[in-house]
Amino acid sequence: KMKGSSTLTVNVYESVTNVESTEIRLDNRTLTEVRSAERGVSVHGTYTLTDKMEESTLVISATATLTNQTPNAPIAANISANYAIDTIEPLVASVVMSASALKIGDTSTLTINFSEAVTNFDNTDITLENATLTAVISADSGVTWTGTFSLTDYIEDTTNVIRVGTTLTDLAGNAPLAG
């Protein structure tokens, strides 16, 4: 999980000179504050992430203008393996009960769907009024969660609601927005 800005370090096989921000690229995004260190065998730069970004096939490349002290340019196909960035927060897509007009002794299946798989989600993230809920489980790796909803009191109330908390995260560690 990467949020905000991140420092990228590129290790090269031999010392390089005059490194500029346009010479190391992250899928057509330019690094800022690029500098060489450790006698020129490491290049450091800052990459600022944007919100609502989810990509899994990004690469880092060096342009042909980057040279060593001889001066030899790098091989044109100097590209890293894929890396991924995910800054999208998971969303509650829906909260649905199989039956919503219940009388004492009735049960209903509560289904909570998220926009993507989540972890760290359990009954402590669910607030119910006048009811209990069996432990929620997911049969699809964390996107859809279900439990059995049962009334706890003899009550007549049409304003009961179910609330989903925000302590869960998606698989990249992004937490949902409050509310």
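1. A residue is called buried here when its relative accessible area is under 20%, and because Asn-174 has 0% relative accessibility in this predicted model, Asn-174 counts as buried. Asn-174 belongs to the segment that follows strand S19 (169-170), and the side chain of Asn-174 comes to 3.3 Å from the backbone oxygen of Ile-88.

2. Strand S12 (residues 107-114) shows an alternating arrangement of side chains, in which Ser-108, Leu-110, Ile-112 and Phe-114 are buried and point to one face, whereas Thr-107, Thr-109, Thr-111 and Asn-113 point to the other and are not buried. Such alternation between the two faces of the sheet is what a regular strand has in general.

3. The pairing of S12 involves strand S11 (residues 92-97), which runs antiparallel to S12 and is joined to S12 by 5 bridges; within this pairing, Val-96 has Thr-111 of S12 as its bridge partner. S12 also pairs in the antiparallel sense with strand S17 (residues 144-151), over 7 bridges, and here the bridge partner of Leu-110 is Gly-147 in S17. Of these two S12 partners, Thr-111 is on the face whose listed side chains are not buried, while Leu-110 is on the face whose listed side chains are buried.

4. The second largest pocket has a volume of about 310 Å³. This pocket is lined by 17 residues, of which Ser-100, Leu-102, Leu-151, Asp-157 and Asn-160 are the closest to its centre. In composition, the lining of the second largest pocket consists of 9 nonpolar, 5 polar and 3 charged residues.

Methods: Residues are numbered from 1 along each chain as its sequence is written. This is a predicted model: local features need pLDDT of at least 70, side-chain atom pairs count only at pLDDT 80 or more; totals for chains, interfaces and linings use all residues. Side-chain values use heavy atoms; hydrogens and water are left out. On a 1 Å grid over the protein atoms alone, a cavity is a set of points where a 1.4 Å probe fits but cannot get out, and a pocket is an open set with protein on both sides within 12 Å along at least five of seven lines; lining residues have an atom within 4 Å of a point. Grid points are joined across faces, edges and corners, and a volume is the space filled by probe spheres set on the points. Ala, Val, Leu, Ile, Met, Phe, Trp, Tyr, Cys and Pro count as nonpolar, Asp, Glu, Lys and Arg as charged, and the others, Gly among them, as polar. Buried means under 20% relative accessible area, exposed over 50%, partly exposed in between (1.4 Å probe, protein chains only). Helices (H or I, at least four residues) and strands (E, at least two) are DSSP runs, numbered from the N terminus. Two strands pair if DSSP finds at least two bridges between them. A polar contact is a pair of N or O atoms within 3.5 Å; within protein, one must be able to donate a hydrogen and the other to accept it, and residues adjacent in sequence count only if both atoms are side-chain atoms.
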